[in-house]
Amino acid sequence: MAEPRTKNFKPSELRCKCDFCKGEVENECDPYALRMLQKIRDEVGPLALTSAYRCARHPEEAKKASPGQHFKGVAFDIYVPWGVKRMQIVELALKLGAKGFGFANSFLHIDWRVSSEPVSWTYH
């Protein structure tokens, strides 16, 4: 099966980057979530992804009781400092149906989880 693609994000950016699969596992990003990420990119300009799809053996996924949003292929962590661009991304992602938002000093997590209401959290 071919990896999901967009006009701006390379397959290497979307693959798991853990030490177990070393980027050799194809990304299993959800095509809808990837299209929404591309729409954000079209609106706000270049985005640097720090994490996209994660395999089940990725350290962050392995310590969870059940697979997380990255493993499900619907989550992306974007390097973006605090500021106007971050809020622009959040507002646009909400309009595009994103439901999960995680705020860290150096990145913003957005995801298209199955949820009735948006959820947010901060990373320490």
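**Exercise 1.** In this predicted model, decide whether Tyr-123 is buried, partly exposed or exposed.

*Solution.* Start with the relative accessible area of Tyr-123, which is 36%. Buried means under 20% and exposed means over 50%. Tyr-123 is therefore partly exposed.

**Exercise 2.** Work out how the rings of Phe-107 and Tyr-123 are arranged, and which parts of the chain they tie together.

*Solution.* Begin with the wider picture: the whole structure holds four aromatic pairs. For Phe-107 and Tyr-123, the ring centres are 5.0 Å apart and the planes meet at 45°, so this pair is tilted. Next, place the two residues: Phe-107 sits in strand S4 (residues 107-111), while Tyr-123 belongs to the segment after strand S5 (119-122), so the pair joins parts 16 residues apart in sequence. Now check burial: Phe-107 has a relative accessible area of 17%, so it is buried. Finally, add Trp-121, which ring pairs link with Phe-107 and Tyr-123 into a cluster.

**Exercise 3.** Describe the surroundings of Asp-111.

*Solution.* First locate Asp-111: it is in strand S4. Its relative accessible area is 0%, so Asp-111 is buried. Then look beyond its neighbours within four places in sequence: the contacts of Asp-111 include Gln-69, Val-74, Lys-99 and Trp-121.

**Exercise 4.** Find which residues lie nearest the centre of the largest pocket, and sort its lining by class.

*Solution.* The largest pocket encloses about 220 Å³ of space. Of its 13 lining residues, Arg-54, Lys-64, His-70, His-109 and Tyr-123 lie nearest the centre. By class, the lining consists of six charged, four polar and three nonpolar residues.

Key
Residues numbered from 1 in each chain as written. Predicted model: local features only at pLDDT ≥ 70, side-chain atom pairs only at ≥ 80, totals over all residues. Heavy atoms only, no water. 1 Å grid on protein atoms, 1.4 Å probe; cavity = no way out; pocket = protein on both sides within 12 Å on 5 of 7 lines; lining within 4 Å. Points joined across faces, edges and corners; volume = space filled by probe spheres on them. Nonpolar A, V, L, I, M, F, W, Y, C, P; charged D, E, K, R; others polar. Phe/Tyr/Trp six-rings, centres within 6.5 Å; stacked < 30°, edge-to-face > 60°. Helix = DSSP H or I, 4+ residues; strand = E, 2+ residues; numbered from the N terminus. Buried < 20%, exposed > 50% of the residue type's maximum accessible area, 1.4 Å probe, protein only. Contact = heavy atoms within 4.5 Å.
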